[in-house]
Amino acid sequence: MRRPLRSAATSVVAAVLLAGASYAAPARAVPAPEPAVPTTAPTSASSSAYGYSCRRVSGSAVDLSCVIGRSVDGRALVATRQGRAAAPRVLVVLGQMHGEEWPGPLTVDVLRTLRPAADAVIWSVRSMNPDGGAIGRRWNSHGVNLNSNFPDKFLRDSRSGPRALSEPESQAIARFLTLVQPDLVISLHGFSEAVDTTGGGRRAALARTFSGLSGIAPAHVVPCGGPCHGNLTDWYTATSRASGVAFTVEMPRSSRTVRPCGVPGHPRETPIRCTALAAAYLAGRLPA
Ligand SMILES: [Zn+2]
């Protein structure tokens, strides 16, 4: 595993904060509301976490909902929290970096109904690309592939954006992860049905464990057809101050078909439910 570099992570925070100023006023926006968190009854009480303005939520596993940024078209990127705020084990689950990949948001919907172990806290973002998600488009509204826009081996091309973290969505996610410093980040994609077990070390070990729990096959080859450039999971694994790691899960298209699941007590589930259950189960077993 590559060792984390505090200076790198700190500089990313500064870069994100500086870059964010250029996106203060998205012009062509009719923001759509964030889909409701299932089974929750929001209250009007406000709160904060990591400097974000949040609102308290009651009636479900989720207890806090925070706007962590805005898309090009002004849609909210919302992170919710479930579990004990000060718990030592921290998991972040991220959905829909590519707008046509619908299983991520549906998996997060299920995850948000589950209660993690007492010593774990789970943050989740239903959609990292709500503009693309609104119309089933892979890119954000600048035509950028957000998974090429992070500052790890960034390579400028027609879909990567003009520079690392040029996009408000990648800025928001990078800032959030840099502040929260999760032990594990799971980025949900579609549809090649594989857990990225490359990279070695704790990242590969946790990915293999997740593969067994979720019933989604391990992938032993680099998923980018060569070195990945500017992707989220490599960036977070390289820069986490907490020795945190991140891996990608490619969900299957048959995400609504019941099949064997590796989570104890759940022998058969849909891939969406099994993946959500696997995430909640693993959160309580992360190396503290
Ligand atoms: Zn994807």
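## Report on a zinc-binding chain

Trp123 is buried, at a relative accessible area of 2%. Here "buried" stands for under 20% relative accessible area, "exposed" for over 50%, and "partly exposed" for what lies in between, with a 1.4 Å probe and protein chains only. The model is predicted, so local features need a pLDDT of at least 70 and side-chain atom pairs a pLDDT of 80 or more, while totals for chains, interfaces and linings use all residues. Residues are numbered from 1 along each chain as its sequence is written, and side-chain values use heavy atoms, with hydrogens and water left out.

**Overall build**

The protein has 288 residues, of which 56% count as buried. Its secondary structure comes to seven helices and 11 strands. These elements are DSSP runs numbered from the N terminus: helices are H or I runs of at least four residues, and strands are E runs of at least two. The protein exposes about 11500 Å², and carbon and sulfur atoms supply 56% of that area. Accessible areas come from the Shrake-Rupley method with a 1.4 Å probe, and for residues only the protein chains shown count as cover.

A contact means heavy atoms within 4.5 Å. Among contacts between residues at least 6 apart in sequence, 67% join residues at least 24 apart.

Helix α2 is mostly covered, with eight of its nine residues buried. Pro103, Gly104, Thr107 and Leu111 are among the buried residues of α2. The cover over the buried residues of α2 includes strands β4 (76–83), β5, β6, β7 and β9 (245–252), together with helix α7 (271–283).

**The zinc site**

Which protein atoms are the donors of the zinc ion? They are ND1 of His98, two OE atoms of Glu101 and ND1 of His189, lying 2.0 to 2.4 Å from the ion. A donor is an N, O or S atom within 2.8 Å of the metal (3.2 Å for Na, K and Ca); water is not among the atoms, so sites may look incomplete.

Why is the arrangement of the four donor atoms irregular? The angles that they subtend around the zinc ion run from 57 to 150°, which makes the arrangement irregular. Four donors count as tetrahedral if all angles lie between 85 and 135 degrees; four count as square planar and six as octahedral if opposite donors are over 155 degrees apart and all others between 65 and 115; anything else is irregular.

The sequence spacing of the donor residues is H-x2-E-x87-H. His98 sits in the loop between β5 (89–95) and α2 (103–111), and His189 in strand β7 (residues 184–196), so the two histidines tie together parts that are 91 residues apart in sequence.

**Aromatic side chains**

Rings of Phe, Tyr and Trp (its six-membered ring) pair if their centres lie within 6.5 Å; planes under 30 degrees apart are stacked, over 60 edge-to-face, and the rest tilted. By this rule there are seven aromatic pairs. One of them joins Trp102 and Phe191, tilted, with 5.8 Å centre to centre and 50° between the planes. Trp102 is in the loop between β5 and α2 and Phe191 in strand β7, so this pair links parts 89 residues apart in sequence.

Another pair, Trp123 and Phe176, is edge-to-face, with centres 5.6 Å apart and planes at 75°. Trp123 belongs to strand β6 (residues 120–125) and Phe176 to helix α4 (residues 168–180), so the pair ties together parts 53 residues apart in sequence. Tyr50, Tyr52, Trp123 and Phe176 form one aromatic cluster.

Two arginines lie over rings. A charge sits over a ring if NZ of Lys or CZ of Arg is within 6 Å of the ring centre and within 35 degrees of the ring normal. Arg253 lies over the face of Phe191, at 3.9 Å from the ring centre, and Arg256 over the face of Trp102, at 4.9 Å.

**Backbone details**

The peptide bond from Gly190 to Phe191 is cis, with omega near 5°. Tyr50, although not a glycine, has a positive phi of about 55°; Tyr50 lies in the loop between β1 (41–49) and β2 (52–58). Leu165 also has a positive phi, near 60°, and is a residue other than glycine. Its place is in the loop between α3 (130–135) and α4.

**Accessibility of residues named above**

| Residue | Relative accessible area | Class |
|---|---|---|
| His98 | 4% | buried |
| His189 | 3% | buried |
| Trp102 | 28% | partly exposed |
| Phe191 | 16% | buried |
| Phe176 | 0% | buried |
| Tyr50 | 38% | partly exposed |
| Leu165 | 4% | buried |
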